[in-house]
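Okay, thanks everyone. Let's have the two chains up on the screen and go through how they meet.

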Amino acid sequence: MTAAPILKLEHLGVTFPNNPVFSDLNLTIRQGEVWSIIGKNGVGKTTLMRTLLHQLRPTQGKVTYLPSVNDVRIGYVPQFRNIDADYPLTIRDFVGLNLTGWKLPWLSAKERAKVQRILEQTGLTQLANRPIGQASGGEKQKAYLAQALVEAPNLLILDESTASLDPVTKTELLDLVTELNQRLNLTVLFVTHDIPMAQKYTHQYLMMTPGKIEQGPIAQLTDDKVWEGENV
Amino acid sequence: MFSYEFMRNAFAAGTIIAVICGIMGVFVIARNMSFLTHTLSEIGFSGAAFGVFAGWAPLNGMLLFTVVSSVIVGQLSARSERREAATSAISALFIGMGILFLSLANKNASYATSILFGSVIGISASDVRQMLWLSLVVLIVVFVLYRFLKFDSFDHTGARVKGLWTNALSITFLVLVALSVSVAAQIVGSLLIFILLTLPAATAKYFAHTVGGMMVLAIALALIGVWSGLTLSYMTNYPVSFFIAAIEAIFYFVALGWQRLQTAE
Ligand SMILES: Nc1ncnc2c1ncn2[C@@H]1O[C@H](COP(=O)(O)OP(=O)(O)OP(=O)(O)O)[C@@H](O)[C@H]1O
Ligand SMILES: [Mg+2]
């Protein structure tokens with residue numbers, strides 16, 4: 001039995017003024033799948049993710065979230081982020097920012113427990129009271145992931161979120177994502193240049209090259225294809 | 001000092017102003033909006049001058065001008081690179097208009113100085129009441145929108161990812177700043193109002209560990225500045241804005257120095 005699709009891209013294309021990024025992208029993403037999105041710098045991976053988030057309007061085709069999963073909650077860890085180094089915003093506070101809604105200004109006991117749990121899962125308990133602006137690159141990445149996860153998303157989009165992590169931390173976080181995928185059926189889109197990692201942790205791949213987009217089970221991602229995708 | 005009604009009114013008004021400015025200042029600083037706040041206060045000057053010209057209370061003229069222009073600026077500044085140049089142009093235009101309205105209104109120079117630099121003696125009990133109502137509106141909106149404002153102000157990328165209506169939030173926030181500017185200008189004057197809206201929060205940023213702490217500290221610093229400014233002004237007869245500006249600036253430079261020492265270690 002195949003899982004229910006949650007996201008469908010039909011003939012999707014984005015063109016910036018004088019710069020066609022990609023076109024005619026057809027893709028169905030099903031619940032619980034883990035995709036790697038690969039391709040060389042500037043090919044349009046981040047652009048595609050922003051289109052999925054409705055931050056960019058596609059110039060052709062459409063993005064549809066399917067009602068088979070009512071209420072698609074997206075957790076997105078963007079590639080770049082601007083946070084002033086001086087802000088008195090602790091990592092704990094930063095993670096809690098994502099708990100929104102028409103609620104009281106302060107977090108409830110239940111919400112604080114949620115934040116605490118995710119801090120533990122991402123290994124940030126020791127750093128919880130450090131200002132986010134002063135955290136190291138890798139610590140920030142962990143905090144971003146924690147913030148994206150705190151609202152229990154069912155679709156997680158990571159844009160090169162492991163690029164600045166050391167090997168041990170990288171494995172820890174990917175194990176966490178894998179565990180959430182298995183336990184909660186979390187769907188994951190993983191933009192990355194790390195092919196061995198993609199082969200180890202993801203099930204499907206989408207390889208973007210200028211003018212051509214290929215997809216398939218990760219086992220079919222051969223070295224020749226990678227070489228071609230990353231170099232042509 | 002408190003045996004005079006005008007001093008009681010001034011203290012009541014000053015307290016309201018300090019609380020509003022401390023709270024709003026935290027978001028103004030987090031959103032890097034000091035410059036825009038300055039512009040809004042210049043627009044406020046123009047509005048007050050228009051009020052005088054039209055025979056209204058200056059506060060009503062200010063409210064009209066700042067609120068309308070904050071909505072316009074909010075539309076312009078969806079792209080922030082364009083914001084600075086556009087706001088400079090707007091502020092120049094409004095200062096010019098303010099000068100024109102004042103000269104058309106045929107009021108003497110002391111009227112202009114009190115709009116620009118604020119005054120202690122001009123505040124009546126009904127002014128205080130109006131300020132209180134306006135401040136309550138600001139406080140209630142901030143309370144209701146607090147989580148959204150905090151998210152968008154301290155982590156704009158995250159708030160956009162979340163799908164918060166960040167443009168609407170930003171316009172709403174500008175309108176709140178416009179209200180605060182109009183309220184606060186009653187004592188410190190439109191030329192110096194941005195001091196209370198930026199310096200206490202900018203100082204607090206260096207000492208606080210949480211956003212809530214920053215807010216409490218900013219309110220405290222604003223209160224100290226306003227209360228001691230009023231007292232000193234009463235004792236010396238020098239303008240209250242001078243004392244407030246000096247006190248807040250000293251706090252800020254002390255904080256900068258302290259921050260230097262911390263990072264140098
Ligand atoms: N807002 C924009 N306006 C115009 N062009 C843009 C915009 N954003 C991206 N581009 C262009 O679109 C192309 C794709 O950019 P994108 O950021 O999606 O690449 P990417 O695949 O994520 O690259 P990387 O691996 O370096 O992150 C690039 O040529 C880029 O210059
Ligand atoms: Mg990218």
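So, across the interface of chain B and chain A we get five salt bridges, counting a side-chain nitrogen of Lys or Arg within 4 Å of a carboxyl oxygen of Asp or Glu. One of them is Asp155(B) with Arg81(A), where the closest N and O atoms sit 2.6 Å apart.

Quick housekeeping: this is a predicted model, so local features need pLDDT of at least 70 and side-chain atom pairs count only at pLDDT 80 or more, while totals for chains, interfaces and linings use all residues. Residues are numbered from 1 along each chain as its sequence is written, chains are lettered from A and ligands numbered from 1 in the order in which they are written, and side-chain values use heavy atoms, with hydrogens and water left out.

Back to the interface. Which residues of chain B bury the most against chain A? First the total: about 2,500 Å² is buried between the chains (accessible area with a 1.4 Å probe, lost on being put together, summed over both), and carbon and sulfur atoms give 58% of that. Arg147(B), Phe154(B) and Val161(B) supply 29% of chain B's part, more than any other three residues.

In contact terms (heavy atoms within 4.5 Å), chain B brings 27 residues and chain A brings 32.

What about empty space? The whole structure has one cavity of 30 Å³ or more, and the largest cavity holds about 60 Å³. Here a cavity means points on a 1 Å grid over the protein atoms alone where a 1.4 Å probe fits but cannot get out; points join across faces, edges and corners, and the volume is the space filled by probe spheres set on them.

Terms used
Buried area = accessible area lost by both parts, 1.4 Å probe. 1 Å grid on protein atoms, 1.4 Å probe; cavity = no way out; pocket = protein on both sides within 12 Å on 5 of 7 lines; lining within 4 Å.
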